[in-house]
Amino acid sequence: MKNQALFALLAAVLAPLSVAAFTPQAYAKPVYVGVDGGNIAVSGYDAVSYFEGDGVPVKGDAAFAVEHDGAVYHFASAGHAAKFQADPAAFVPQYGGHCAWAMSRGYLAPGDPLAYAMVDGKLYLNFNQEVKAKWDKDRAGYIASAEKNWVAMPDDAKFGG
């Protein structure tokens, strides 16, 4: 009984400290789920597929769906769904799947799951291939700007809203 009370006290004291240790991207922010009122992240593409095999994204299947931060992610297999559930932050696109270039400019725009880049083990989506080509010319600069803007983005912000 004494140990349970001690553990509860310790947990209460340490809980606020663990939240403070998260990076800004760890906080819940708006996830791009389309403009049609759906709730499917990454346009239904398997977020884990970008990181495995040949790195080419594949469409997920609703049979392997996982809810995270208010959005539903689809996966091509139960194995990918389990990997995502174990560590979602390792696989979610940066800026909630919104366009990385638009975020560098301070606004939300749709992210196209086929206009993507992997930078330092992170997935970035862009609006389309033309925007991605522009973003590719100064990825580091655009990422630095986007990081500042993402931190300031309201948690309830929505594309088009």
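Me: Before we start, a nonpolar core is a set of buried Ala, Val, Leu, Ile, Met, Phe, Trp, Tyr and Cys residues joined through side-chain atoms within 4.5 Å. In this predicted model, which residues of the largest nonpolar core touch the most other members?

Reply: The largest nonpolar core has 19 residues. Helices α3 (100-105), α4 (129-136) and α5 (139-152) and strand β3 (112-119) each supply at least two of them. The residues that touch the most other members are Tyr95, Met103, Tyr124 and Trp135.

Me: Okay, and which residues does Trp135 touch?

Reply: Let's skip residues up to four places away in sequence. With those left out, Trp135 touches Ala100, Trp101, Ala117, Val119, Tyr124, Asn126, Tyr142 and Ile143.

Me: How many residues are in the second, separate core?

Reply: Phe75, Phe84, Val92 and Leu125 are among its members. The full count for this second core is 17 residues.

Me: Are α4 and α5 roughly parallel or roughly perpendicular?

Reply: Their axes come within 7 Å and cross at roughly 100°. Angles of 65 to 115 degrees count as roughly perpendicular. So α4 is, relative to α5, roughly perpendicular.

Me: How many residues in the contact of α4 with α5 are charged?

Reply: On the α4 side you've got Lys132, Lys134, Trp135 and Asp136, and on the α5 side Arg139, Tyr142 and Ile143. Three of the contact residues are nonpolar and none is polar. The charged ones number four.

Me: Where does pLDDT stay under 50?

Reply: Across the protein, the mean pLDDT is 84, and 80% of residues reach 70 or more. One stretch stays under 50, and the model has eight contacts beyond four places in sequence for it. That stretch is residues 1-27.

Methods. Residues numbered from 1 in each chain as written. Heavy atoms only, no water. Buried < 20%, exposed > 50% of the residue type's maximum accessible area, 1.4 Å probe, protein only. Helix = DSSP H or I, 4+ residues; strand = E, 2+ residues; numbered from the N terminus. Contact = heavy atoms within 4.5 Å. pLDDT = per-residue confidence, 0-100. Axes fitted to C-alpha atoms, helices over the stretch in contact; angles between N-to-C directions. Parallel < 35°, antiparallel > 145°, perpendicular 65-115°, else oblique. Nonpolar A, V, L, I, M, F, W, Y, C, P; charged D, E, K, R; others polar.
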